[in-house]
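Let's take a walk through a protein chain together, going from the big picture down to single residues. Keep the structure open and follow along.

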Amino acid sequence: MTNIRLLLIGCCLFLLSACGKKTVNIVVPPEASIRMNFGVQQLQETLEKEGYRVLLSGIEDTLTEADRIIFLNQACDSTLRKEGFLITTEGNRTMVRGNDGNGVIYACRELIDHINEKKNLDFPAFCQDAPEMVLRGACIGLQKTTYLPGHGVYEYPYTPENFPWFYDKQAWIRYLDMLVENRMNSLYLWNGHPFASLVRLEEYPFALEVDEETFKKNEEIFSFLTEEADKRVFSSFKCSIIFFYPNHLPIITGLKLRIVIDRLLRLSVIIHVNRSQLLLRNIRTWVCLSVLGRLWILMKMTWNGLHKPLFPE
């Protein structure tokens, strides 16, 4: 009997506390983009963490009475700059308009910052803002300060042994969210030669320098990163590299190439990652460098004589 009485008292207290919560109604259009939905998710989580009761409604739904109603809208507006937003508040209604998906996310972040700092829903009557810089991002080095055994300059294969943190999905989620909080919109992975860890060529199977299991892990983590980045404000993330001829690739003579050809040709290639596909912007660079490298080797062999070692010990 005592247990039942305690249970009833607990239920009553719960209902009273629930009734005492302020209600926030977030109105989302039916054609909401993936980035708008991400902004809504972050705003909802912040409100619930602060003890508010959150309702999600569509424009066509009958709105219930709430302490605060937030209308979200994404529309191209000539008065707003790229990634810009406008927030207006009148009474208990707050109108949020973003010039694009990024603008909506930044507007939601503005409301989130207000909630965290002011601990109330008294949003400003007027707030308009947009980033000044086009590209804002962080550069993460996928290199080490020393050479790896059996490898030369710039050769740092993507493996769990070399970069264990690279495969931590939860850590990436926290890091990407931190970038959004700081209004960044790009991510750069800096490394010397990523192709041998990320790209498999049927004609040149020896070009892949990681085992099959690691290659699948690399495909999985890059697909995960591009998907999570696209939810946020990142249209793409980039791997900035210096192109050179890696030591592990055999050459036409069967000898090991020890002189880095990037001393002759230093080229910058950018891999643009869009969703789960790797798009090589300048594929001709690979072909040209390969041809030039082989021509240089043939010229060197001709100059030294075919019977003399190309690379004496």
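Of the 313 residues in this chain, 44% are buried. Keep in mind that you're looking at a predicted model. The chain has seven helices and 11 strands. If you take the contacts in the chain with a separation of 6 or more, 70% of them are between residues 24 or more positions apart.

How much should you trust what you see? The mean pLDDT of the chain is 77, and 67% of the residues reach 70 or more. Two stretches deserve some caution. Over residues 12–18 the pLDDT stays under 50, and the model shows zero contacts there beyond four places in sequence. Residues 306–313 also have a pLDDT below 50, but this stretch has 11 contacts in the model beyond near neighbours in sequence.

**The sheet**

Now find the open sheet made of six strands, which come in the order 2-1-3-5-4-6 with mixed pairing. Which strands stand at the edges? They are strand 2 (53–58) and strand 6 (126–129); each has a single partner strand, so one side of each is left without a neighbour in the sheet. From one strand to the next, the twist averages 15°.

As a bit of background, strands of a sheet pair through backbone hydrogen bonds, and they can do so parallel or antiparallel. Here, strand 1 (residues 23–28) and strand 2 run parallel and are joined by six bridges. You can pick out one partnership by eye: I26 has L56 in strand 2 as its bridge partner.

**Two helices on the strands**

Helix 2 (residues 34–49) lies across strand 1, strand 2 and strand 3 (68–74), and it runs at about 180° to strand 1. Helix 3 (residues 101–118) lies across strand 3, strand 4 (85–90), strand 5 (93–98) and strand 6, running at about 45° to strand 4.

How do these two helices sit relative to each other? The axes of helix 2 and helix 3 come within 8 Å and cross at roughly 10°. Angles under 35 degrees count as roughly parallel, and helix 2 and helix 3 are therefore roughly parallel to each other. On the helix 2 side, the residues making the contact include F38, V40 and L43, while helix 3 brings in V104, I105 and L111, among others.

**Some residues to click on**

Here's how a handful of side chains compare on accessible area.

| Residue | Relative accessible area | Status |
|---|---|---|
| E83 | 5% | buried |
| T214 | 8% | buried |
| C127 | 15% | buried |
| F206 | 39% | partly exposed |
| C76 | 77% | exposed |

Start with E83, which has its place in the loop between strand 3 and strand 4. Is E83 buried or exposed? E83 counts as buried because its relative accessible area is 5%, and the cut-off for buried is under 20%. Leaving aside neighbours within four places in sequence, E83 is in contact with D100, N102, G103, Y106, A130, P131, V134, R136 and N185. E83 and V233 are 150 residues apart along the chain, yet their C-alpha atoms are separated by 9.2 Å.

E83 also has a backbone quirk. Most residues other than glycine have a negative phi. The phi of E83, though, is near 65°, a positive value in a residue other than glycine. R183 does something similar, with a positive phi near 60°. You'll find R183 in the loop between helix 4 (169–181) and strand 8 (186–190).

Next comes T214, which lies in helix 6 (residues 212–231). Not counting residues up to four places away in sequence, T214 touches Y158, T159, P160 and Y167. F206 is in the loop between helix 5 (195–198) and helix 6. The C-alpha atoms of F206 and A196 are separated by 9.1 Å, with their positions 10 residues apart along the chain.

What about the cysteines? A disulfide is a covalent bond between the sulfur atoms of two cysteines. This structure holds zero disulfides. The two cysteines in the table sit in contrasting surroundings: C76 is exposed at 77%, whereas C127 is buried at 15%.

Key:
Residues are numbered from 1 along each chain as its sequence is written. This is a predicted model: local features need pLDDT of at least 70, side-chain atom pairs count only at pLDDT 80 or more; totals for chains, interfaces and linings use all residues. Side-chain values use heavy atoms; hydrogens and water are left out. pLDDT is the predictor's confidence in each residue, from 0 to 100. Contact means heavy atoms within 4.5 Å. Helices (H or I, at least four residues) and strands (E, at least two) are DSSP runs, numbered from the N terminus. Buried means under 20% relative accessible area, exposed over 50%, partly exposed in between (1.4 Å probe, protein chains only). A disulfide is a pair of cysteine sulfur atoms within 2.5 Å. Two strands pair if DSSP finds at least two bridges between them. Axes are lines fitted to C-alpha atoms, for helices over the stretch in contact, and angles run from 0 to 180 degrees between N-to-C directions. Angles under 35 degrees count as roughly parallel, over 145 as roughly antiparallel, 65 to 115 as roughly perpendicular and the rest as oblique.
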